[in-house]
Amino acid sequence: MSVDYRKMYYTLFRSTEKAINDLIAAQQVCEDIFVETCDEEIAQMREEEKRWQEQRKHGTE
């Protein structure tokens with residue numbers, strides 16, 4: 001019986017490459033979620049800042 005090292009190597013190589021690509025894709029999705037969340041939080045902070053400035057301008061706090 002002869003061990004097919006080439007088949008073993010390519011099987012492992014393809015699986016490793018797929019795992020790396022899956023991790024990269026997951027990281028990109030998480031980065032998108034983070035950016036979207038930050039954008040929403042920044043927009044909320046800007047709105048709060050505007051309200052605070054308007055209140056301050058009119059002398060109500």
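Glu47 is partly exposed in this predicted model, with a relative accessible area of 38%. Its partner is Lys50: the two form a salt bridge in which the closest N and O atoms sit 3.8 Å apart. That falls inside the 4 Å cut-off, so the pair counts as a salt bridge. Lys50 and Glu47 are three residues apart in helix α1, which puts about one helical turn between them.

Side chains of opposite charge can pair when their charged atoms come close. Glu47 and Lys50 make one such bridge, and the structure holds three salt bridges.

Follow the numbering upward and you get to Glu54, which bridges to Lys57 with the closest N and O atoms 3.5 Å apart. Here again the spacing is three residues within helix α1, or about one helical turn. As for the surroundings, Glu54 is partly exposed at a relative accessible area of 38%, while Lys57 is exposed at 60%. Lys57 gets the label "exposed" because its value is over the 50% mark.

Now go back along the helix to Asp22, which pairs with Lys18 through N and O atoms that are 2.9 Å apart at their closest. Both of these residues belong to helix α1, which covers residues 5-57, and they are four residues apart, about one turn of the helix. How exposed are Asp22 and Lys18? Asp22 has 43% relative accessibility and so counts as partly exposed, whereas Lys18, at 51%, counts as exposed.

Note on methods. Residues numbered from 1 in each chain as written. Predicted model: local features only at pLDDT ≥ 70, side-chain atom pairs only at ≥ 80, totals over all residues. Heavy atoms only, no water. Salt bridge = Lys/Arg side-chain N within 4 Å of Asp/Glu carboxyl O. Helix = DSSP H or I, 4+ residues; strand = E, 2+ residues; numbered from the N terminus. Buried < 20%, exposed > 50% of the residue type's maximum accessible area, 1.4 Å probe, protein only.
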